[in-house]
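Hi,

Here is the structure I promised to pass on. Have a look at it first, and my notes follow underneath.

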Amino acid sequence: MTHAHDGHEHEHGHDGHGHGGHAHPHPRQPDIEDAPLTWHMALTEAMAELIVQKGLCTPADIHRTLEKIDAASPAAGSRLVARAWLDPDFRARLLQDVNAAAGELGIDAGGIPIRAVADTPDRHNVIVCTLCSCYPRFLLGGSPDWYKSKAYRARVVREPRAVLAEFGLHLPDGMQIEVHDSTAELRYLVVPVRPSGTEGWSEDQLAAIVTRDCLIGTALPVVA
Amino acid sequence: MSVSVGTPVRVLQMDPPGHHRTPRFVRGKEGVVIGLAGRMPDAERLAYGGRGPDQPVWRVRFRQTTLWPDYAGDPRDTVVLDLYEHWLEPRR
């Protein structure tokens, strides 16, 4: 929900409102219920009711799962990469099985298998889902809107260099690009090369430079 | 049908009705299998409530220049897709 002006989301009175007492109309911020129920909203409600009535799960289960999805953030992915940079054995296990390696750190990466693709000094990886918007959301949280856009999905797979340049990522000549298109039941995570200038850094320091876009492959970690 | 890591394959050029996970830009194109993505539920059946046995899904690497004749980047650039085995025919 976006609020153009601070304090305008409630229908509170206008006294003490800082407008010098003059009355000017404020558009009322619509409530969620003011918009018509869409087809997908109705379907979701109906499905949830049926699932609960059939005893497949409880409302609390659904609530907990939604909370878990909303709580996921790229920080989990950043931590995996930072640990992989510090511990070659962990890195090997991460490249073998992201979900299991995440579990070692107490991170629940969800039931959908995730594969880590590691950059090398001469090959850069970038992730897309050309068919829809598949994304390791249980590990990284919700995907950015641009990741779901038709422009990104259509273009990164056929002119990755131009797209990365628009993100401010100018790859040097001689650097190959491999695009990974998540067309089936596998999700991807990019493991960038640890940048020079980070020698002796702690795991937290390293994790701080592994941004969400680094994990998608549209950015590289930057040492300030 | 015998597909394994290292097998050169061609993606079948077909256009069946219904839901499938093989983007048009690789249909009829040649690539090389680089790994097994896993054995996964067949999305084509799953979309209509069916299940059936899990299917092998292979990670197939394509050169960009084979997908896009006008590809302007490094000719060594590649794309990897996860493709269900029944869309692949070994190339000999």
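Before the charges come up: Lys and Arg count as positive here, Asp and Glu as negative, and His and the chain ends are left out. One caveat too, this is a predicted model.

With that in hand, chain A carries 20 positive and 30 negative charges, and the mean positions of the two sets are 8 Å apart. For chain B the tally is 14 positive and 11 negative side chains, with the two centres 2 Å apart.

Now the overall build, beginning with chain A. It is divided into domain 1, residues 38-70, and domain 2, residues 73-216. The C-alpha centres of these two domains of chain A lie 30 Å apart. In secondary structure, chain A has 11 helices and four strands. Its radius of gyration is 22 Å, whereas the globule rule gives 17 Å for 224 residues, so chain A is more spread out than a compact globule. Along the principal axes, its C-alpha trace spans about 65 × 55 × 40 Å. Of the 224 residues in chain A, 36% are buried. The exposed area of chain A is about 12700 Å², and carbon and sulfur atoms supply 56% of that. If you count contacts in chain A with a sequence separation of 6 or more, 66% of them come from residues 24 or more positions apart.

Chain B has two helices and five strands, in the order β-β-α-β-α-β-β from the N terminus. The radius of gyration of chain B is 14 Å, close to the 12 Å from the globule rule for 92 residues, so chain B is as compact as a globular protein of that length. Its C-alpha atoms fill a box of roughly 40 × 25 × 20 Å along the principal axes. Buried residues make up 47% of chain B. Its accessible surface is about 4500 Å², with 52% belonging to carbon and sulfur atoms. Among contacts in chain B between residues at least 6 apart in sequence, 60% join residues at least 24 apart.

Three residues to click on:

- Asp82(B) sits in strand E4 of chain B, residues 78-84. Which residues does Asp82(B) touch, not counting those up to four places away in sequence? On chain A, they are Asp181(A), Thr183(A), Ala184(A), Leu186(A) and Tyr188(A); on chain B, they are Ala37(B), Val57(B), Trp58(B) and Arg59(B). Arg59(B) is 23 residues from Asp82(B) in sequence, yet their C-alpha atoms are 4.5 Å apart. Asp82(B) has 0% relative accessibility, so it counts as buried.
- Gln55(B) belongs to strand E3 of chain B, residues 55-63. The relative accessible area of Gln55(B) is 18%, and the cut-off for buried is under 20%, so Gln55(B) is classed as buried. Beyond its sequence neighbours within four places, its contacts include Arg39(B), Asp42(B), Tyr84(B) and His86(B).
- Pro192(A) is in the loop between strand E4 (187-191) and helix H10 (203-209) of chain A. It is buried, at 1% relative accessible area. Leaving out neighbours within four places in sequence, Pro192(A) is in contact with Val81(A), Trp85(A), Asp119(A), Cys214(A) and Pro221(A). Asp119(A) is 73 residues away from Pro192(A) in sequence but 5.1 Å away in space, C-alpha to C-alpha.

Cheers

Terms used
Residues numbered from 1 in each chain as written. Chains lettered and ligands numbered in written order. Predicted model: local features only at pLDDT ≥ 70, side-chain atom pairs only at ≥ 80, totals over all residues. Heavy atoms only, no water. Domains from an automatic or database assignment. Rg over C-alpha atoms; globule rule 2.2 N^0.38 Å. Buried < 20%, exposed > 50% of the residue type's maximum accessible area, 1.4 Å probe, protein only. Contact = heavy atoms within 4.5 Å. Areas by Shrake-Rupley, 256 points an atom, 1.4 Å probe, with all protein chains shown as cover. Charge placed at Lys NZ, Arg CZ, Asp CG, Glu CD.
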